[in-house]
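Me: I'd like to go through the labels on this model and ask what stands behind each one. Could you take me through the reasoning?

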Amino acid sequence: MHALTPTRPTLTPPTPTPLTPPTTSAFRKETVMSVLPKPSLRRTLTALSGVAAALALSVPAAGALTSGTTSGMTTATPAAHGQDAFRGRTDAAVRKSLEALVKEDGFPGALASLSDPGGRARNYTAGVGNLKTGSKVPTDGQVRIASNTKMFTATVVLQLVGEGRIDLDAPIETYLPGLVRGDGIDGHDITVRQLLQHTSGLADYDEEVVKDYLTKQQHRYFEPRELVEFGLGKKALFAPGSGWSYSNTNYVLAGLLVQKVTGRPVGEEITHRIIEPLGLRHTYWPGVGDQTIKGRHPHGYFATAPDTPYTDVTEQDPSAGWAAGGLVGTPSDLNRFLTALLDGKLLEPEQLKEMKTTVDAPDLDTVGDGHYGLGLATFKLSCGGYAWTHGGNAPGYTTRNAVTEDGRAATIAVTALPTTLPAAEHIEAALDTALCTR
C-alpha cells in the first residue's frame, strides 16, 4: 500500500484486491455457537443489545430533541491533496449513502472521509451538526471513536511485545498477579493473546455502565479496576481459547497491562507511541474528568427506540470506555492511523502478522463472515475480498472504518447509535459503498 507516500500521482481507480484473512483458529463458527448463545452484534448493535434496552424506561422528557427532523443537505469537501480524487461515481454514491442515513434512517448528522492509495482525501457531510440550532456538520469533525480505541491499545501492546517486554502467550497472571479471578476465571489460564483476540471467555461489563445511562451513568467517572470488577463479577462464558465473544473487559485489562509494564498511563503511551508520531492532530486521549470534545465537532444524540426523541449526549464522561473505547478523533485521522498500521509504520512485520492472524468472529457485524485478530477485524466487501476494520459505538456516535489491501480507506460516522437492525446495516452498507464504488 502507498497511502502515506509523499508522491501523489493522478488517481487511477484501482481494481479491488481480495484480501484473504489468515485464520489459525482451533475452533470454527459451529463450535462457538454451540458454546454461546448467539451474540447480539455487540459492536454494531450496542443500541439494541445494551444501551437502548437499558434506557427504554429512563429517558427524561426535559431537554429532549425530536428525531427525524434533520436536513438532507450534503456537502463534499476536498482535502489538501484531493481536489480530483473522488469525482464521478464514487463521489455521487457516497453523497447518496450519507443522505439516506439522514433522511431514511433519521440520524441527525453523518460524516465520511475517503482516501485513495496515493493519499488523496475527500470529506463529506450530511444532515445537521446541532439539532437545536440547525448548524452544519463540521467537515471531518471530531467524534468519540469508541471501540476503535482497541486498535490503538492493541498496537501499543504489540509494540511492547516487539521490545521483549510482553510475551503474547504468557498468562495475564504474569503481569497482573491476583487480579483476574472469578467464577470459572483464573488469570493463570488466560493469555495476553486471548485478551486481545476476545477468546478469553471473560464477560463484557457493558450492561453495568449503560444501566440508567441518562439519569445515572452519563456523567459518572469509572475507575478502570471498577470496570474490570464488573466483568469479573460474571461467570466465564467459556474456557479460554475455546470460543469467541467481544468483551470490553479484555481491553481494560490490556490497558492495565500496558501501565504495569511501562509504569506510565496507557493514554500517555498511546499518545507518544501512535498519535504524535503519525501526526494525528485531531485525535486525543481525554483527561480525567474531561466530558467535552475539544475541537470542531457535531453534537451526539441518543434515542431509546425508533421515532422517539433524541437527547443531546455530546458531553459525557468517557471513562466507561477507557482503553477499550475512550479516544476522540476524526474520520480522516482514523483513515491515516489504520493505513499507517497496515503499512507497517507502527509494528514490526512479526507483530503485524500476529495482529492480522484471525479467528472466526460470529456476528461481529451485520455483513457476516467476520474474523478478528489482535485488535483488528475483517470486513467483507461486496466487490470481493475483505478489508481490515474495527469500528466503534458510543452514546451519541457510531463509526465504521476500513482499509483495503491496496490502500483505499474510508470512515463513516453518524451522530447517534442505531436503534434498528436496518439502520445498523445501512451504516455498514455506506462503508462498503465508499470502498467498492468505482
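**Salt bridges and a disulfide**

Reply: Gladly! A search of the whole structure, which is a predicted model, finds 16 salt bridges.

Me: What makes arginine 95 and aspartate 91 a salt bridge?

Reply: Their closest N and O atoms are 3.0 Å apart, and the cut-off is within 4 Å, so the pair qualifies. Both residues lie in helix 3 (residues 89-103), four residues apart, about one turn of the helix.

Me: Why is aspartate 91 called buried?

Reply: Its relative accessible area is 9%, and buried means under 20%, so the label fits aspartate 91. Arginine 95, at 27%, counts as partly exposed, because that value falls between the 20% and 50% limits.

Me: How do you know that cysteine 383 and cysteine 436 form a disulfide?

Reply: Their sulfur atoms are 2.1 Å apart, and the rule asks for within 2.5 Å, so they count as a disulfide. By this rule the count comes to one disulfide. The pair links distant parts of the chain, 53 residues apart: cysteine 383 sits in the loop between strand 13 (377-380) and strand 14 (386-389), and cysteine 436 in helix 14 (residues 421-436).

Me: What makes this disulfide left-handed?

Reply: The torsion about the S-S bond is about -65°, so the disulfide is left-handed.

Me: And why is cysteine 436 called buried?

Reply: Cysteine 436 has a relative accessible area of 16%; buried means under 20%, so cysteine 436 meets that limit. Cysteine 383, with 27%, is partly exposed.

Terms used
Residues numbered from 1 in each chain as written. Predicted model: local features only at pLDDT ≥ 70, side-chain atom pairs only at ≥ 80, totals over all residues. Heavy atoms only, no water. Helix = DSSP H or I, 4+ residues; strand = E, 2+ residues; numbered from the N terminus. Buried < 20%, exposed > 50% of the residue type's maximum accessible area, 1.4 Å probe, protein only. Salt bridge = Lys/Arg side-chain N within 4 Å of Asp/Glu carboxyl O.
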